Amino acid sequence: MPRNISSLLKPKEVRTLLQEFGIKWDPSKVGKKGWVVIKSPFREDKKPSFSVNINHGSFCDFGTNIKGDIQKLTSIALNRPEIDALDYIDRKFNIKFYR
């Protein structure tokens, strides 16, 4: 069983993934614990209703009520199953989740 993804990724690696998926934020709007509210990168969003933590990748899309961790976010961004998202992150950062 793999370890917790968020505990294995560094904040810099999480931000790299977020930027790769087109998730952009204003640094001045990031809260003390790393949360920022932006427009959803995955659907039409007139008002910001997507919250993401730029340090560990947890997110919540209040417009669709979908939430999760960086693995689920990667899965949505790539339009692939979560196990493929895990493999993608593993290959990208050489994490070795299954060690």
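Two residues are taken to be in contact when heavy atoms of theirs lie within 4.5 Å. On this basis, in the predicted model described here, residues 24 or more positions apart in the sequence account for 36% of those contacts in the chain that have a separation of 6 or more.

The chain contains four helices and four strands, and these elements follow one another along the sequence in the pattern α-α-β-β-β-β-α-α. The radius of gyration of the chain is 13 Å, close to the 13 Å that the globule rule gives for 99 residues, so the chain is as compact as a globular protein of that length. The C-alpha trace extends over about 40 × 25 × 20 Å along its principal axes, and 37% of the 99 residues count as buried.

Two helix pairs were examined in terms of their packing. Two packed helices are described by the angle between their axes and by the distance between those axes. For helix α2, formed by residues 11–20, and helix α3, formed by residues 70–78, the angle is about 20 degrees and the axes are 11 Å apart. Because angles under 35 degrees count as roughly parallel, this value makes α2 roughly parallel to α3. The crossing of these helices, α2 and α3, is left-handed. On the side of α2 the contact is made by V14, L17 and L18, while α3 contributes I70, L73 and T74; in the contact of α2 with α3, five of the residues are nonpolar, one is polar and none is charged.

A second arrangement is found between α3 and helix α4, which comprises residues 82–93, the axes of the two coming within 8 Å and crossing at roughly 100 degrees. The helices α3 and α4 are therefore roughly perpendicular to each other, given that the range counted as such runs from 65 to 115 degrees. Here I70, Q71, K72, T74, S75 and L78 of α3 meet E82, I83, A85, L86, Y88 and I89 of α4, and the residues of this contact of α3 with α4 divide into seven nonpolar, three polar and two charged. Both I70 and T74 of α3, which take part in the contact with α2, are also among the residues that meet α4.

Outside the helices, T64 is placed in the loop that joins β3 (59–61) and β4 (66–68). With a relative accessibility of 37%, T64 counts as partly exposed. Between T64 and S7 there is a separation of 57 residues in sequence and, from C-alpha to C-alpha, of 26 Å in space.

Technical notes:
Residues numbered from 1 in each chain as written. Predicted model: local features only at pLDDT ≥ 70, side-chain atom pairs only at ≥ 80, totals over all residues. Heavy atoms only, no water. Axes fitted to C-alpha atoms, helices over the stretch in contact; angles between N-to-C directions. Parallel < 35°, antiparallel > 145°, perpendicular 65-115°, else oblique. Left-handed = near helix turned anticlockwise from the far one by under 90°. Nonpolar A, V, L, I, M, F, W, Y, C, P; charged D, E, K, R; others polar. Rg over C-alpha atoms; globule rule 2.2 N^0.38 Å. Buried < 20%, exposed > 50% of the residue type's maximum accessible area, 1.4 Å probe, protein only.
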